[in-house]
Amino acid sequence: MRPVRLLALAPRPFEDELLSCWHWRVSSHYSCSPRQVENWISGGSVGPNPHLFRHDVSADQPATRLWALACRLRQVDLERLSLQNTGRSRASFVSDPAHRGVCPTCLDEDAEEGRDHYCRRSWACVEAVACPRHKIGLEINCSGCFRSGLFQFRSTPVGVVRLFCRDCDAIVSARRFPRRDQTDLLQVASLVGEAIGKGGSEFERIDAASRFLWSPRPEGMPYIAALGLSLPYGQRPSVAKGGAPLASLPPAWRAVTITTIANLLFQVAPKTVPLSSSVREAFRQFEQGPTEECHQAPPPTRTASVVNLRAETEYRQLARGIIQSEGWKSLPSKAGRARNRAIGKLMLRALNDE
């Protein structure tokens, strides 16, 4: 049997750390990616890099065993970092790591304590839109260049790992400018999070409400965009039909969706536009079964007006009368709106027998 390759430096995982984050922290100390480290540990190629979401939700046992042996850890201590140990369903976690968000103040505290930056498992939950410790929103945008995307773990000259912006190379931090207090949002998110944690019918209703709010209307925009809410700045994200919207939205859009869901299901609506009874009725019908995707009442039918057509000879006589009238002779000489309006008035007078 080939002897196990051991890593000279392998930081211990934190109690509340995400599994993929720990992989990146270990790899960053060697200026490598987790895939490259796995290839070295296994002594060959381990195939394509696994999707981070699948890796976080359910730890790959053979790969986890290799990492545990190489880092001199117990396999069970790594497996507990996966999201499957939270007892929540897969749909209750944000599927795209770039949409999970981080608390920059938490990262500043990591730096002050002399430890690596690391991502908390709780930041992967769909209701995680603000930090309960510091009461500020989770961020996916760099506070320096304001670009969004996955931050990058890198080792610094002093031997600790920090999260960097891929575009401007700035360390993720809350020191550039103050953040707004999000206590009201935290209360709503906590209420929704408790319901999601219970699972069963409560989570099903929350999932149904999110699909209702993001279902398309006839003009293509989602229902949530037509409620008069204060929406986040920037391009509206797209949600796959039949998917779980909360699992695929960035933090700012999840915050609006969660607040609206709390209003719709629990009548909790801090600083937001109250939902009308018609919206609640539309959601009730949506829950009952297949309905029209637009979730709106059809416009009232209008009785078509009866057009009394005249004989062709009469129209010719009217046209001759218009051309021979004084009004025709006084029309503006140049073509344009004024001339067209004047001709229209002559036609209306002739048809109305004025």
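1. At a relative accessibility of 46%, Leu6 counts as partly exposed, because that class lies between buried (under 20% relative accessible area) and exposed (over 50%), with a 1.4 Å probe and protein chains only. Leu6 is placed in the segment before α1 (19–28); helices (H or I, at least four residues) and strands (E, at least two) are DSSP runs, numbered from the N terminus.

2. The model is predicted: local features need pLDDT of at least 70 and side-chain atom pairs count only at pLDDT 80 or more, while totals for chains, interfaces and linings use all residues. Residues are numbered from 1 along each chain as its sequence is written, and side-chain values use heavy atoms, with hydrogens and water left out.

3. Together with Val4 and Leu69, Leu6 forms a nonpolar surface patch with about 230 Å² of accessible area. Patch residues have over 30% relative accessible area and no salt bridge (a side-chain nitrogen of Lys or Arg within 4 Å of a carboxyl oxygen of Asp or Glu); nonpolar side chains (Val, Leu, Ile, Met, Phe, Trp, Tyr) are joined within 5 Å, like charges within 9 Å. Accessible areas come from the Shrake-Rupley method with a 1.4 Å probe, and for residues only the protein chains shown count as cover.

4. In helix α2 (residues 34–42), the buried residues are Pro34, Val37, Glu38 and Ile41. They lie on the same side of α2, because they cover an arc of only 100° around the axis, taken from the directions from the helix axis to the C-beta atoms. Their cover includes α1 and α4, where contact means heavy atoms within 4.5 Å. Gly43, with a positive phi near 80°, follows α2.

5. Two residues other than glycine deserve a check of their backbone. Most residues other than glycine have a negative phi. Arg72, in the loop between α4 (61–70) and α5 (75–79), has a phi near 60°. Asp169, in the loop between β2 (161–164) and α7 (183–198), has a positive phi of about 65°. Arg72 is partly exposed at 45% relative accessibility, and Asp169 is partly exposed at 44%.

6. The largest nonpolar core (buried Ala, Val, Leu, Ile, Met, Phe, Trp, Tyr and Cys residues joined through side-chain atoms within 4.5 Å) has 38 residues; among those that touch the most other members are Ile206, Phe212 and Leu264. α9 (251–266) is one of the elements that give two or more residues to this core, and α9 gives the most, with eight residues. Apart from this core lies another, of 25 residues, including Tyr118 and Cys165.
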